[in-house]
Amino acid sequence: MTSQIVKSVLEEAKKHNAKRVDGVHLVIGKLTFLGLEQVRFAYEVLVKDSIMEGSKLYIEEKDGVVRCSNCGYEGCLKYEDNPMYHVPTPTLNCPKCRGVVKIVGGKECTIKSVKLAI
Ligand SMILES: [Zn+2]
């Protein structure tokens, strides 16, 4: 995942003949279950000895978004305490009609912007 991001940024930098990459702004959906520390660590390792070395990584987390096909409700994914797992687990029940909701957002991992030094 992270290597794909770094690759895309390097390609973008090349397209613009950038000398250096100063910063990268990522949007990571919470439902990707990517550990932010893990992403940061992988990033540091991957950018070493490239024009991205020393660049700032800014990560914006995005909540999960669900939609109910029954009543049209759309909102953030809700979590409820599950006695079976002892941790809050996402509920796929619509808060309005108790129907089943579908996850429509929060699984993305995208590059929002890249700051280049030309
Ligand atoms: Zn509903």
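Among contacts in the protein between residues at least 6 apart in sequence, those that join residues at least 24 apart make up 74%, where two residues are in contact if their C-beta atoms, placed from the backbone, lie within 7 Å. The model is predicted: local features need pLDDT of at least 70 and side-chain atom pairs count only at pLDDT 80 or more, while totals for chains, interfaces and linings use all residues. Residues are numbered from 1 along each chain as its sequence is written.

**Overall form**
- The radius of gyration, taken over C-alpha atoms, is 18 Å, well over the 13 Å that the globule rule (2.2 Å times the number of residues to the power 0.38) gives for 118 residues, so the protein is more spread out than a compact globule.
- Along the principal axes, the C-alpha atoms fill a box of roughly 55 × 30 × 15 Å.

**Burial and core**
- Of the 118 residues, 15% count as buried, a label that requires 20 or more other C-beta atoms within 10 Å of the residue's own, with C-beta atoms placed from the backbone.
- The largest nonpolar core, a set of buried Ala, Val, Leu, Ile, Met, Phe, Trp, Tyr and Cys residues joined through C-beta atoms within 7 Å, has twelve residues, including I5, L26, Y43 and V114.
- Leaving aside neighbours within four places in sequence, L26 is in contact with I5, I59, E60, I111 and K112.

**Domains**
- Domain 1 (2-64 + 106-117) and domain 2 (65-103) are given by the domain assignment, which is an automatic or database one.
- Their C-alpha centres lie 30 Å apart, and five residues of domain 1 are in contact with six residues of domain 2.
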